[in-house]
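Open your viewer and get ready to click along with this tour. At each stop you will select something, look around, and then move on.

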Amino acid sequence: MPTLEAWLGYLGIFGACVLFSSPLPTMSRIINSGSVEKFSPDPYIISVINCGSWVLYALVTPDRQAPLITNLIGTAVNVAYVLVFAFNNPVQPQFKRKVLGALIFMAVVFGVVFGIVPRAGDWGDKSDAEVESDVLGSVSDVFNVLMYAGPLTIMSTVIKTKSVEFMPLALTIGTSFCSFTWLWYGFVVGDTYIIIPNGGGALLCVCQIILYTTYCNTPETKAARERYAERKSLGRGSLGPLAKLNEEEKGDASQRLIV
């Protein structure tokens, strides 16, 4: 019979799949409109780095099959999301710099962990594999918290506009389910590197939910939903806001279109 650790691992994989699939409505909207509007690719770029570092961590740390499977899936899915942003916005330079920066960062981490650590000499009472696990665990913790905080990158827009139009609720719910599940798993297996980011993620999710509930029924949110529904009825290409906003709104939107 599966142990509690195994069951939590299965639940964690399921929760992560819920999280990874939660942006699908956003991706559908972007594809249908042919524009990223004010949606930011930052959470998905961060998620690629996060999942990639967790894959490496799971490979060098014994008995971490569930995190390995989870983050292999997450890496593939989030790469696909980044590609959706790449193909649906004409403002490319800043996006390309961010993607290049992410690739360089992962290359540096890979080089340090698997190139420098094994050649650095004696680590005292720790083996090379344990040091590699510590380095990757620390890097993964940082980006795990950033991934959970990703939806908050739009917080200033939510507060300014008093609308949650560009704060995806599905992503917030998926993040909450995932963070609380992996927090429980981390306590069961006694892995500090899993406990720390998911504990922080759980707190950040509470903040996101509070923000969403504060602005989800404002007149501005309702008006935004009506505008979206009207543009959606016109077909592909009509959802993008740049052709319909006034000059002030265009300037604001242009600053926020990351790709």
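Begin by selecting Trp184 and showing its side chain. Is this residue buried or exposed, or in between? Trp184 counts as partly exposed, because its relative accessibility is 48% and that class covers the values between 20% and 50%. Keep in mind as you look that this is a predicted model. Trp184 is found in helix 8.

Now add some company to your selection. Together with Leu4, Leu11, Phe14, Phe177 and Val188, Trp184 makes a nonpolar surface patch of about 560 Å². Which elements give two or more residues to this patch? They are helix 1, which covers residues 4-21, and helix 8. Try colouring these two helices and then showing the patch residues as a surface.

Next, zoom out to the full protein chain. Count the helices as you go: there are 11 of them, and zero strands. Reading along the sequence, you will meet the pattern α-α-α-α-α-α-α-α-α-α-α. If you colour by accessibility, keep this number in mind: 49% of the 259 residues are buried. The accessible surface of the chain comes to about 12,700 Å², and carbon and sulfur atoms hold 68% of it. How do distant parts of the sequence come into play? Among contacts with a separation of 6 or more, 77% are between residues 24 or more positions apart.

Time to visit some loops. Select Asp63, in the loop between helix 3 (42-60) and helix 4 (65-86). What is special about its backbone? Asp63 has a positive phi of about 60°, although it is not a glycine. Turn on the surface here and you will find Asp63 exposed, because its relative accessible area is 52% and the exposed class starts over 50%.

Jump along to Lys162, which sits in the loop between helix 7 (155-161) and helix 8 (169-189). Lys162 also has a positive phi, near 55°, and is a residue other than glycine. With a relative accessible area of 41%, Lys162 is partly exposed.

For the last stop, select Asn88, in the loop between helix 4 and helix 5 (93-116). Is Asn88 buried or exposed? Asn88 is buried, because its relative accessible area of 7% falls under the 20% cut-off. Now show Val84 as well and draw a distance: the backbone oxygen of Val84 lies 2.7 Å from a polar atom of the Asn88 side chain.

Conventions:
Residues are numbered from 1 along each chain as its sequence is written. This is a predicted model: local features need pLDDT of at least 70, side-chain atom pairs count only at pLDDT 80 or more; totals for chains, interfaces and linings use all residues. Side-chain values use heavy atoms; hydrogens and water are left out. Helices (H or I, at least four residues) and strands (E, at least two) are DSSP runs, numbered from the N terminus. Buried means under 20% relative accessible area, exposed over 50%, partly exposed in between (1.4 Å probe, protein chains only). A polar contact is a pair of N or O atoms within 3.5 Å; within protein, one must be able to donate a hydrogen and the other to accept it, and residues adjacent in sequence count only if both atoms are side-chain atoms. Patches are made of residues with over 30% relative accessible area and no salt bridge: like charges are joined within 9 Å, nonpolar side chains (Val, Leu, Ile, Met, Phe, Trp, Tyr) within 5 Å. Accessible areas come from the Shrake-Rupley method with a 1.4 Å probe; for residues, only the protein chains shown count as cover. A salt bridge is a side-chain nitrogen of Lys or Arg within 4 Å of a carboxyl oxygen of Asp or Glu. Contact means heavy atoms within 4.5 Å.
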